[in-house]
Amino acid sequence: MKKFIQSLPKVELHLHIEGTLEPELMFELAQRNNITIPFNSSTEVKEAYNFHNLQSFLDIYFQGANVLVHEQDFFDLTWAYLLHCKDDNVVHTEVFFDPQAHTERGICFATVVNGIHKALAKGRTELGISSRLIMCFLRHLDEQSAFKTLEQAQAHKDKIIAVGLDSTEIGHPASKFERVFKQAINQGFLTVAHAGEEGPVSNIHDAMNLLQITRIDHGVRCSEDQALIKQLAAERIPLTVCPLSNIKLKVFDFMKEHNIVDLLRKGLCVTINSDDPAYFGGYMTDNFLAVSNAHSMNKAEIAQFTLNAIEASFISECEKKRLKIMTQKYLDLHQ
Ligand code: HPA
Ligand code: ZN
């Protein structure tokens, strides 16, 4: 099964590029940019990654992002992630970035987006990995800051397919971003939002009703609402689930208690993703393996996660068809 999972074509839909910053690159960039970080070694950094909830992670995540200054830094970060994609047979990825985590420190929006975009373009030509870029608003910041960020994105609309919503979920309701999402939709952006990760199931309803999202990031707390589960299954509204992240941030105590396989079997369009792999202990293959080790599944069920991700992705119908055929062929060959 390990070999089957390793070589299975994969599609990633929930990945924060800032969350791929490995300790080694963090040190390299800190040195390059003359930035002090409160760690002496990679081991010390990893020891600090003992999170008890979302906020305890976010504090470390934003601190880590401080070493990213120049376009080359964002390029190097993204390129390192794409090499992991290659190792894990990720054929398509939809990448989040948090512009406000950088513009708030005086870094230009263009520096961030151009560095990431150039690496993604190289990934396409040199590694054969297709990609899309999604700009997230930080929900702990105010509406005005989100509007300013949307304004900054205008010059880069060709590089950004959708807007999203991340950071502290509890205490920062979707309603705060209803108007900015409406404007983004009017400008042609697709929309996604983190909801029901550690916040209540009502946050999922709010994301669907107020932000008109096309897929939900996390959404695992939908289990608390049977009517919602039925709706998600009937309408095939995708959930981008992040198994290792959920364990690290104590959304579930153990992988055996995770509801992802149950949701898959109920017919929901659930997908497996790595969220912030440098912080949560693994990239795509590790996440697939963690789920498959804790829940017994057959190969068709495991491949269904890829088929769901293709269905939920922001690529053309023609490209979806190509990836579906590729995945089905792989499954047929390895049954
Ligand atoms: N949740 C909310 N915000 C985030 C996350 C997450 O899992 N990762 C990076 N920003
Ligand atoms: Zn996330």
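A charge sits over a ring if NZ of Lys or CZ of Arg is within 6 Å of the ring centre and within 35 degrees of the ring normal. I started with that rule and kept in mind that this is a predicted model.

**Entry 1: charges over rings**

I looked up which lysine lies over the face of W79. It is K122, at 4.4 Å from the ring centre. I then turned to an arginine: R215 has its charged end over the ring of F314, and the distance to the centre of that ring is 4.0 Å.

**Entry 2: ring against ring**

How many aromatic pairs does the structure hold? I noted 14. One of them joins F4 and Y330, with 5.3 Å from centre to centre and 35° between the planes, and I entered the pair as tilted. I checked where the two residues lie: F4 is in helix 1 (residues 2-7) and Y330 is in helix 17 (residues 317-334), so this contact ties together parts of the chain 326 residues apart in sequence. Are F4 and Y330 buried or exposed? F4 has a relative accessibility of 4% and Y330 has a relative accessible area of 11%; buried means under 20%, so I marked both as buried.

Next I took Y61 and Y279. Their ring centres are 6.2 Å apart and their planes stand at 65°; over 60 degrees counts as edge-to-face, so I filed the pair under that heading. I found Y61 in helix 4 (residues 54-65) and Y279 in helix 14 (residues 277-280), a link between distant parts of the chain, 218 residues apart. Both tyrosines are buried. I also followed the ring pairs further and found that they link a cluster made of Y49, F51, F57, Y61, F62, Y279 and F280.

**Entry 3: the zinc ion**

Which residues coordinate the zinc ion (ligand 2)? I listed H14, H16 and H194, each through NE2, and D275 through OD, at 2.0 to 2.3 Å. Along the chain I wrote the spacing of these donors as H-x1-H-x177-H-x80-D. I placed H14 in strand 1 (residues 10-16) and H194 in strand 5 (residues 190-195), so the two histidines tie together parts that are 180 residues apart in sequence. H14 and H194 are both buried.

Last, I asked why the site of the zinc ion (ligand 2) is irregular. The angles among its 4 donor atoms run from 83 to 174°. A tetrahedral site needs all angles between 85 and 135 degrees, so this site does not count as tetrahedral. I left the entry as irregular.

Methods
Residues are numbered from 1 along each chain as its sequence is written. Chains are lettered from A and ligands numbered from 1 in the order in which they are written. This is a predicted model: local features need pLDDT of at least 70, side-chain atom pairs count only at pLDDT 80 or more; totals for chains, interfaces and linings use all residues. Side-chain values use heavy atoms; hydrogens and water are left out. Rings of Phe, Tyr and Trp (its six-membered ring) pair if their centres lie within 6.5 Å; planes under 30 degrees apart count as stacked, over 60 as edge-to-face and the rest as tilted. Helices (H or I, at least four residues) and strands (E, at least two) are DSSP runs, numbered from the N terminus. Buried means under 20% relative accessible area, exposed over 50%, partly exposed in between (1.4 Å probe, protein chains only). Donors are N, O and S atoms within 2.8 Å of the metal (3.2 Å for Na, K and Ca); water is not among the atoms, so sites may look incomplete. Four donors count as tetrahedral if all angles lie between 85 and 135 degrees; four count as square planar and six as octahedral if opposite donors are over 155 degrees apart and all others between 65 and 115; anything else is irregular.
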